Amino acid sequence: MRIGVDAGRALHGYGGVASYSRQLANALARHAPEHDLVIFDLDRGIHRREVFEKTLGPLPSNVQTAQGSELELARLDLFHAPGFVLPPPGAPHHVVTVHDLTVLSHPEYHTLENRVRTMVAVAGALTRGATIISDSRATRAEAVRLLSMSGESLEVLPPMLDPRFNPAGNDELDEAALHKLGVDAPFCLAVGSLEPRKNLGRLLDAWELLPAGVRDEHLLVVVASAGWLQRELRSRLSDIERDGSVRLLTRIGGLDLAALYRRARVVVFPSLAEGFGLPVAEAMACGAPVVTSNVSSMPEVAGGAAVLVDPEDADAIADGVARVLERTELRRDLRERGPEQALQFSAEAVVPRLLEIYQRTVER
Amino acid sequence: MSAGVALLVLVVAAGLAAACSRPILRRRRLVRRLLRSEASVAKAVSDGRVSKATGEMLLQHLEGLRRECSGNNGS
């Protein structure tokens, strides 16, 4: 097959969709050598190979880069759009990943522009007769409920994790990464963009509810990318950061993030709604004990290998974090089970299923 | 008032006017995108490419967004 993939978000974006696009292009390049892969940047039309290689690493010979002209698209068997950006018409078949439908289920967490962009993309995917991939069964259920789609018309396939997220790491490099980031005390880690859905405000409430001894002994490290509708949270984070108990880190690369996951006493991800919940899977892959929400897709991703809490209840979040910090046995158990659960999100596990979806799509 | 000051006032006024009209223009652009999207959904339903039930739900969501963009969300 000649497969086109938009990797634009991998070059210019941040957060879950950027990570998904990067891993999709990387995994297909390295785990599907029998197919030809053409990588596009639909955001900015970049097509120089060396620009893609800066982000994706050296690309094998079965991979080309192209600008996205009608002619180039027409030579493809199918085009996979992972970032809510549809290509101009041209490719005979389309696969579109719908990461979540929180623009419909929780419109209050999104800007009007986000909601329009997402819904126009979803409508475009459906009118083209694209195969729709949802990241989780929870998102598929949302599509059935909110768009009256039939469950059979939606494929469920999880995102793939960056292989740097693994439990082994390298002690010396991890230590150096933490030193560079200025994180030396034992710490709890939260990862997510600064947007209302991620519930960081309530996490800060929960942090304040923890026993003083726990807070004195631990730092709360928040790794956050830019988001929206969070002016108050930003100023609150700056205030708390000044008193030294919380550390906000931005623009963190994959290696540094992996080091943080591996060294964290606990990773907390109390999101209110997700299509998947990538930080949960990444943290588990690194062997970090995880506390996450008992709603939306998070129980599915955690697969019983994390502590689940009610994300709307700061006391419950604090209790979950305290339980993990205070019980060595529970921490050890989660550290063992997380990497096993995360194996299903490896490229080795996902690429064969993805290729089956592609095959079904071109045969339709 | 010297010519320089008058020019400065004009430039500042033009800048303010541009800044004020930007959100309006952005919303108009969104409305145009939504209208195009609604038309293609309606056509896809009539061609049978999208089921009637899904098409109706999509149109309902797109129309709701368009009303919000136009500042008329029915509330």
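At roughly what angle do the axes of helix α9 and helix α15 of chain A cross? This tour of a predicted model begins with that pair of helices and then moves outward to the sheets, the domains and the second chain.

**Stop 1: helices α9 and α15 of chain A**

Select residues 200-209 of chain A for helix α9 and residues 314-326 of chain A for helix α15. Their axes come within 8 Å and cross at roughly 60°. That angle makes α9(A) oblique to α15(A), since an angle between 35 and 65 degrees is classed neither as roughly parallel nor as roughly perpendicular. The crossing of these two helices is right-handed.

Next, display the side chains where the two helices meet. On α9(A), select Arg202(A), Leu203(A), Asp205(A), Ala206(A) and Leu209(A). Facing them on α15(A) are Ala314(A), Asp315(A), Ile317(A), Ala318(A) and Val321(A). Colouring this contact by class gives seven nonpolar residues, three charged residues and no polar ones.

**Stop 2: helices α13 and α16 of chain A**

Now select residues 278-285 of chain A, which form helix α13, together with residues 328-342 of chain A, which form helix α16. The axes of α13(A) and α16(A) come within 7 Å, and they cross at roughly 120°. Here the crossing is left-handed.

Which residues make this contact? From α13(A) they are Ala281(A), Met284(A) and Ala285(A); from α16(A) they are Gly338(A), Pro339(A), Gln341(A) and Ala342(A). Five residues of the contact are nonpolar and two are polar, with no charged residue present.

**Stop 3: the six-stranded sheet**

Switch the display to strands. Six strands of chain A form an open sheet, and their order across it is β10-β9-β8-β11-β12-β13. The pairing is parallel. To find the edges, select residues 246-249 for β10 and residues 307-309 for β13 of chain A; each of these strands pairs on one side only. From one strand to the next, the twist averages 25°.

Zoom in on β13(A) and on strand β12 of chain A, residues 290-293. These two strands run parallel and are joined by three bridges. Within this pair, Ser293(A) stands opposite Val309(A) of β13(A).

**Stop 4: the seven-stranded sheet**

Chain A also has an open sheet of seven strands, arranged in the order β3-β2-β1-β4-β5-β6-β7 with parallel pairing. Its edge strands are β3, residues 63-65, and β7, residues 154-156, of chain A. Between successive strands the twist averages 25°.

Select residues 2-6 and residues 36-40 of chain A to see strands β1 and β2. How many bridges pair these two strands? There are five, and the strands pair in the parallel sense. One residue to label is Ile3(A), whose bridge partner in β2(A) is Leu37(A).

**Stop 5: the two domains of chain A**

Colour chain A by domain. Domain 1 comprises residues 2-160 together with 346-363, and domain 2 comprises residues 171-345. The C-alpha centres of the two domains of chain A lie 28 Å apart. Their contact takes 22 residues from domain 1 and 21 residues from domain 2 of chain A.

On the domain 1 side of this contact, highlight α2 (15-31), α5 (102-105), α7 (137-147) and α17 (347-363) of chain A, each of which supplies at least two residues. By class, this side has eight nonpolar, 11 polar and three charged residues.

**Stop 6: where chain A meets chain B**

Finally, show both chains. Here 16 residues of chain A are in contact with 18 residues of chain B. Helices α6 and α7 of chain A each supply at least two residues to the chain A side, and α6(A) gives the most, with 10 residues. The chain A side divides into 10 nonpolar, four polar and two charged residues.

Select helix α6 of chain A, residues 112-127, and helix α2 of chain B, residues 52-69. They pack at an angle of about 155°, with their axes 11 Å apart. Therefore α6(A) is roughly antiparallel to α2(B). The contact includes Leu112(A), Val116(A) and Met119(A) of α6(A), and Leu58(B), His61(B) and Leu62(B) of α2(B). Its residues divide into nine nonpolar, two polar and two charged.

Terms used: Residues are numbered from 1 along each chain as its sequence is written. Chains are lettered from A and ligands numbered from 1 in the order in which they are written. This is a predicted model: local features need pLDDT of at least 70, side-chain atom pairs count only at pLDDT 80 or more; totals for chains, interfaces and linings use all residues. Axes are lines fitted to C-alpha atoms, for helices over the stretch in contact, and angles run from 0 to 180 degrees between N-to-C directions. Helices (H or I, at least four residues) and strands (E, at least two) are DSSP runs, numbered from the N terminus. Angles under 35 degrees count as roughly parallel, over 145 as roughly antiparallel, 65 to 115 as roughly perpendicular and the rest as oblique. Two residues are in contact if their C-beta atoms, placed from the backbone, lie within 7 Å. Ala, Val, Leu, Ile, Met, Phe, Trp, Tyr, Cys and Pro count as nonpolar, Asp, Glu, Lys and Arg as charged, and the others, Gly among them, as polar. Domain bounds come from an automatic or database domain assignment. Two strands pair if DSSP finds at least two bridges between them. A crossing is left-handed if the near helix is turned anticlockwise from the far one by less than a right angle, and right-handed if clockwise.
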